[in-house]
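Let's take a walk through this structure together. Have the picture handy as you read.

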Amino acid sequence: MIKNVLRTLIRWLLPALFILPQLVMAGNDDPQCESEVPLTFTKQEMAEAGFEPGGFTPFFLGMIVGPRIGLEWNDGRNVRTLEVLRALPYAGNLVGLFLCVEALSGYRMTSVAGETGIDDWRREIYFKRIHKAEQTGDFAQAAHLRECSPFDTYNHPANRQAVKPDESTGLAKWRSGISGFLIDNRVGLEREESRGIRTVEYWSILWLPRIFPAIDAAQGETMSDIVRKEHLDTEWLKNDADNKNTQQGVTQ
Amino acid sequence: MKPRFLGRMTLILGLCSGVLGCTSLVHIPNPVPPPLTGRTVAAPLPTVWSASIGALQGMGFQNVAADEHQGVLVTEVKPLAGNTAHNRNSGIARFAVERDIYSEGQSRLHITLLALEESGQTEIRIAPELKGKVEKRGDIKYAPFKPATEEVSDSDNENQAIGVWETLSSNGVLEDRFLAALMDLLHSDNAARQSGDLLPDHSTP
């Protein structure tokens, strides 16, 4: 009986999981172009660089490799070989342990991305923007782009007040590593550069809820958009404000 | 498959991925393209000379040493305080060097102006001189950042004997800021001149 149910589920549910994102993508042809945000690329720029946002690849990455990896694929950030190896049965756990050591040793996503080359092509596009500004004589814009380079570790988070507090002592120092191991190594690495963790990512520990960010990724949604919408980079600012309010409440 | 075989495979794959990971962490790219070293502007040397001094003063460099024979302007040493994060975001100079924490920083600009006689243009060569005081080498944790502090006075510098001053590479912000200020001044000069030409002369009856 149970076998039959499982067999039916596998027969119908799995193909549906792969076909659904393609169907959803079919109706998603709205052009998205933001000039205000330096790291948001147009579809044309992405296509020129051979990068296709949305569809099967980010969905697969979101489901199998990590919920944030699929969304960041749409941003133009590539996948590391090690991250793909993490999807392997048994050995994947060891790879996961190795990856979470990065977050534990204080590495940040930007420096890891720079060192492993997964940001290379979008860095190239960013460089082109700076050169273009300099060639056209818009030096103020060029200076701004140089100063606010998202590939500079020190620009994360942009708001200096929203920096994660020191977690180098006690159990707190394991938090980024553990979240990286249980959810996605990028969650841990980005937590080190003060980016918060989404509720759906916490639920992703149970594996099946990963389908929600994976579907978002299949629809072409980017991590940078989600960060802005959910204010993930000001997480610690919010936490600090909450603490202050609580303290005031206690004293009153 | 036997559990022992699976265990060995897991160990081998884990070790391989570890080695792969270690070998992949060797490339440290520059977060910004190399800075501009030269630029030609369509204005004669005397105009660019005075505009350059104005631009430097507008950027906060009060003492500018000028060598008119060689066409060189040198600003005074600008001290920056705080750690690297503060220096990088202070708006004066930021350093494109990873993994070093600098408790203090210094910036200075050398600007060479060359007249291109035939075309009435001027070539500008910019050479920034950036230094940082090494406080803690190899610290890759970066956080927690200290809050931005005030500029260190000379007496404070004397008291802080630890640390070594090190020359740093520029990320081009200082150069672009100077060129932006210079172009603004040149454009406003041009605009003033043009509007002056166009204004009717009311002084004569």
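What follows goes from one chain as a whole to a single residue, and then to a helix in another chain. Keep in mind that this is a predicted model.

Start with chain B. It has 5 helices and 7 strands, and if you trace them from the N terminus, the order reads α-β-α-β-β-β-α-β-β-α-β-α. The chain is 205 residues long, and 31% of those count as buried. How do its contacts spread along the sequence? Take the contacts in chain B with a separation of 6 or more: 72% of them link residues 24 or more positions apart.

Now zoom in on Thr75(B). You'll find Thr75(B) in strand E3 of chain B, which covers residues 72–75. Is Thr75(B) buried or exposed? Thr75(B) has 24 other C-beta atoms within 10 Å, and since the cut-off for buried is 20 or more, Thr75(B) counts as buried. Who are its partners? Setting aside neighbours within four places in sequence, Thr75(B) is in contact with Leu56(B), Phe61(B), Val64(B), Arg108(B) and Leu109(B). For another landmark, look at Gly60(B): it sits 15 residues from Thr75(B) along the chain, and their C-alpha atoms are 9.8 Å apart.

Over in chain A, have a look at helix H7, residues 109–116. This helix is mostly covered, with 7 of its 8 residues buried. The buried ones in H7(A) are Met109(A), Thr110(A), Ser111(A), Val112(A), Ala113(A), Gly114(A) and Thr116(A). Step just past the end of H7(A) and you meet Gly117(A), which takes a positive phi of about 85°.

Methods:
Residues numbered from 1 in each chain as written. Chains lettered and ligands numbered in written order. Predicted model: local features only at pLDDT ≥ 70, side-chain atom pairs only at ≥ 80, totals over all residues. Helix = DSSP H or I, 4+ residues; strand = E, 2+ residues; numbered from the N terminus. Buried ≥ 20, exposed ≤ 12 C-beta atoms within 10 Å, placed from the backbone. Contact = placed C-beta atoms within 7 Å.
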